[in-house]
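Please look over the sequence and the model shown here. The report that follows goes through some of its features in turn.

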Number of protein chains: 2
Amino acid sequence: MKSGDEALLTDLYQLTMLQAYYDEGLRGRAVFELFVRRLPPGRGFLLLAGIEQALDYLEGLRFEPAELDWLRESGRFRADFVDWLADFRFTGTVSAMREGSVFFANEPVLRVEAPIAQAQFVESRLINLVNYATMVATKAARCRFAAPSRLLVDFGLRRAHGAEAGLLAARAAYLAGFDGTATVLAGQRFGIPLFGTMAHSYIEAHEHESDAFARFAASQPGNVTLLIDTYDTEEGARRVVALAPALHARGIRIAAVRLDSGDLDAHARAVRRILDEGGLREVHIFASGNLDEWQIARLLASGAPIDGFGVGTHLSTSVDAPFLDMVYKLQAYDGRPRRKRSEGKATWPGAKQVWRLHTPGGGVAGDLVALREEAPPPGDARALLQVAMDGGRRLAPPEALAALRQHAAAELDRLPAALRAADGADPGLHWPVRISPALQALAEELDRGRH
Amino acid sequence: MKSGDEALLTDLYQLTMLQAYYDEGLRGRAVFELFVRRLPPGRGFLLLAGIEQALDYLEGLRFEPAELDWLRESGRFRADFVDWLADFRFTGTVSAMREGSVFFANEPVLRVEAPIAQAQFVESRLINLVNYATMVATKAARCRFAAPSRLLVDFGLRRAHGAEAGLLAARAAYLAGFDGTATVLAGQRFGIPLFGTMAHSYIEAHEHESDAFARFAASQPGNVTLLIDTYDTEEGARRVVALAPALHARGIRIAAVRLDSGDLDAHARAVRRILDEGGLREVHIFASGNLDEWQIARLLASGAPIDGFGVGTHLSTSVDAPFLDMVYKLQAYDGRPRRKRSEGKATWPGAKQVWRLHTPGGGVAGDLVALREEAPPPGDARALLQVAMDGGRRLAPPEALAALRQHAAAELDRLPAALRAADGADPGLHWPVRISPALQALAEELDRGRH
């Protein structure tokens with residue numbers, strides 16, 4: 001089922017508003033910002049991802065003839081409006097934080113400035129892309145904090161919510177520090193290292209487990225990870241030991257065994273012992289099966305001899321926080337700041353900049369959210385929102401994923417320990433995000449002038 | 001970002017196993033079944049969806065030249081194997097439950113019989129499609145039980161996990177009894193009724209809220225739902241009342257107002273009073289904003305005068321159960337039953353049929369999971385798995401979504417009240433799923449013969 005590039009992948013209200021803007025001749029420039037209102041419980045930070053996909057979407061936005069025909073025939077829109085849509089393109093300016101940046105609540109991660117019809121229309125898909133990728137990147141970073149020096153592989157495709165989720169998850173996880181993914185298409189499309197070996201069904205298709213091991217090793221001599229828990233994990237390990245000499249004689253090295261069920265801690269210890277006593281000290285133990293950052297941390301804290309983890313469902317669906325409170329809000333129209341004041345949903349008005357403030361020692365003192373027009377704060381401060389697109393065109397080709405991944409690693413390195421924990425602390429105490437006095441004053445002024 | 005139709009949308013191990021099967025010349029017929037090992041906590045039933053997309057995938061499966069080139073260049077696979085993949089197609093037989101069927105743990109919902117290489121290869125994408133669609137259909141059915149006679153609309157695209165999730169969610173929700181969706185592409189692709197009006201930003205782009213209301217009504221005279229909570233909900237309602245006569249004079253009827261924040265119960269009552277006193281008794285109240293089945297049930301139980309609900313994030317991500325324990329397991333190879341025995345993950349072996357047993361009065365007495373070869377159980381029993389595809393081809397064109405939706409409604413009608421509840425009971429007590437004696441005997445026999 002192809003989907004993702006279609007202009008009709010949006011909410012109906014974007015189209016009804018578009019016709020209204022067209023009818024009214026409202027062509028003023030609007031500033032919208034994409035941000036998260038609050039972090040999910042237990043999340044000490046967020047790690048940005050999905051920006052490249054968002055820029056792709058903006059650059060490629062157009063209604064195809066079949067879409068226009070369908071809109072015309074739907075009876076919901078006037079013919080002159082649908083004709084106008086044929087030339088509808090995104091021609092705006094976009095500023096964004098770099099993917100792999102750490103950010104917090106109320107910090108715009110992407111700012112769109114464009115004629116209001118365009119700036120409004122792109123809301124649904126921008127949130128759809130950045131919300132998910134950021135959620136997974138954050139989850140992946142948390143897993144990486146739980147296992148700083150182990151192999152981590154994304155196994156999440158099958159329980160991801162559809163095709164695109166599987167792909168975006170693989171990319172976001174790699175960006176955040178995973179070593180690779182099992183999702184082949186993500187390897188092809190993004191150049192992410194691929195990992196994977198065999199399923200239980202492969203073992204079961206053979207009369208004897210040892211046969212399955214031997215034949216797989218012969219077929220994939222450079223990639224021998226054997227799944228040993230189909231019948232009995234320790235027996236599987238003994239079969240690996242028994243098989244090793246014959247494989248070695250043929251020049252085939254067993255790289256690892258995989259455990260996928262039961263008490264992974266106990267099995268890993270028993271298997272390590274069997275492998276070591278069998279002379280297979282160099283064979284790694286890889287574990288999978290419903291793992292998340294808490295489980296990984298527990299296994300490693302207790303000293304389980306596990307060298308790598310496959311993280312699937314919990315990564316690709318971010319089970320404990322399957323969405324972010326990410327929104328895309330009008331902050332200014334026609335040069336004048338706007339503020340939504342709905343209960344519990346008020347936003348900071350105006351086009352804003354996020355400044356990262358550094359201590360003289362190179363550490364982070366916190367962030368400052370200020371109006372774009374304000375002078376930079378004193379001291380060592382870096383503007384996180386950089387212009388990525390102007391006139392609807394990217395200002396530079398997409399950055400290499402490897403470079404973004406390095407950036408993410410550097411960002412995560414700077415995070416205080418309290419925010420890295422699986423039960424992450426409230427970032428407020430460890431990474432203050434201040435709202436500039438001028439921005440606060442503007443918000444109050446708008447509230448006084450409410451109508 | 002296009003994705004979904006590619007053969008490479010799979011886990012690497014499917015390809016490494018494929019090469020191993022090719023190398024070994026393993027061409028025996030395999031039976032795999034797709035099922036859920038256990039229901040998520042609080043779920044009293046599951047409602048099947050995603051089968052049409054799964055059949056589409058199987059029918060269209062092929063490696064495109066660019067994919068073959070990439071595989072060849074990846075260095076992971078031998079050239080003769082990649083050449084062989086060029087003609088790789090799915091030629092198997094598929095049996096499935098009808099979409100919109102109620103089902104329970106350990107009941108196969110889809111059975112694939114094909115040469116093992118084919119039957120194995122399709123695992124990742126089959127789970128990816130059916131797991132998600134079923135999860136959302138179930139969530140939607142629960143919302144429908146909470147609000148049997150209210151308008152229910154899917155608002156979930158923006159927080160859905162990527163493009164395909166948004167589309168599959170719209171379809172699954174409609175199948176399960178929602179009235180429609182806001183996702184335009186789902187309207188185009190599946191013929192689902194569309195709903196939607198305006199965002200807060202539309203209101204804010206105007207100097208005065210009343211102006212925004214009037215101009216929107218003029219632009220969309222057949223679709224006037226006004227969002228009234230941007231500044232002050234009750235004041236918004238009074239503005240609607242003030243505006244109505246002028247609109248009526250131009251033949252424009254206000255259909256509804258929408259509330260999206262604050263205490264929806266209190267606001268709905270206040271707004272209802274304002275509208276009624278203003279002579280707008282026929283104007284409906286529609287509510288949205290972080291709603292789920294519990295919230296909807298609470299609002300209606302307390303008598304909140306709300307006529308319809310937009311359900312977004314909680315529907316499209318199924319927040320409280322963002323995945324099902326859905327698996328796809330080898331049950332027989334080359335005519336001989338197989339059983340995975342990994343701890344906590346043992347499965348029922350052999351090709352199976354699910355029988356729905358009816359009471360003489362037409363009610364449901366429960367289900368029976370039996371070996372396919374067993375004689376039908378006595379009494380009024382219906383086989384739920386029907387052959388949908390043979391020789392890799394569908395036996396009939398896809399059923400109309402409207403017909404599947406009717407089937408779902410009839411299925412849900414038969415569910416005991418205890419299973420419909422938001423805090424659903426354990427289905428075991430209310431809808432017994434028995435395993436046939438022959439199937440139990442086979443499982444024991446296989447366990448005795450373990451190796």
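Leaving aside neighbours within four places in sequence, which residues is A:F309 in contact with? This is a predicted model, and in it A:F309 is in contact with A:A147, A:R150, A:L151, A:L152, A:V153, A:F286, A:A287, A:L291, A:I296, A:L299 and A:L300. The largest nonpolar core holds 287 residues, and A:F309 and B:F309 are the ones that touch the most other members.

Chain A as a whole has 451 residues, of which 63% are buried. Its secondary structure consists of 18 helices and 19 strands. Along the principal axes, the C-alpha atoms of chain A fill a box of roughly 80 × 60 × 40 Å. When contacts in chain A between residues at least 6 apart in sequence are taken, 75% of them join residues at least 24 apart. The accessible surface of chain A is about 15100 Å², and carbon and sulfur atoms account for 52% of that surface. Chain A carries 52 positive and 57 negative charges, whose mean positions lie 2 Å apart.

In chain B, strand β17 (residues 386-390) pairs with two strands, listed below.

| Partner of β17(B) | Direction | Bridges | Opposite residues |
|---|---|---|---|
| β3(B), residues 93-96 | antiparallel | three bridges | B:V94 and B:M389 |
| β18(B), residues 393-394 | antiparallel | two bridges | B:R394 and B:M389 |

B:M389 therefore appears in both rows: its bridge partner is B:V94, and it stands opposite B:R394 in β18(B). β17(B) and β18(B) form a hairpin with two residues between them. In the turn, B:G391 has a positive phi of about 60°.

How values were computed. Residues are numbered from 1 along each chain as its sequence is written. Chains are lettered from A and ligands numbered from 1 in the order in which they are written. This is a predicted model: local features need pLDDT of at least 70, side-chain atom pairs count only at pLDDT 80 or more; totals for chains, interfaces and linings use all residues. Side-chain values use heavy atoms; hydrogens and water are left out. A nonpolar core is a set of buried Ala, Val, Leu, Ile, Met, Phe, Trp, Tyr and Cys residues joined through side-chain atoms within 4.5 Å. Buried means under 20% relative accessible area, exposed over 50%, partly exposed in between (1.4 Å probe, protein chains only). Contact means heavy atoms within 4.5 Å. Helices (H or I, at least four residues) and strands (E, at least two) are DSSP runs, numbered from the N terminus. Accessible areas come from the Shrake-Rupley method with a 1.4 Å probe; for residues, only the protein chains shown count as cover. Lys and Arg count as positive and Asp and Glu as negative; His and the chain ends are not counted. The place of a charge is taken as NZ of Lys, CZ of Arg, CG of Asp or CD of Glu.
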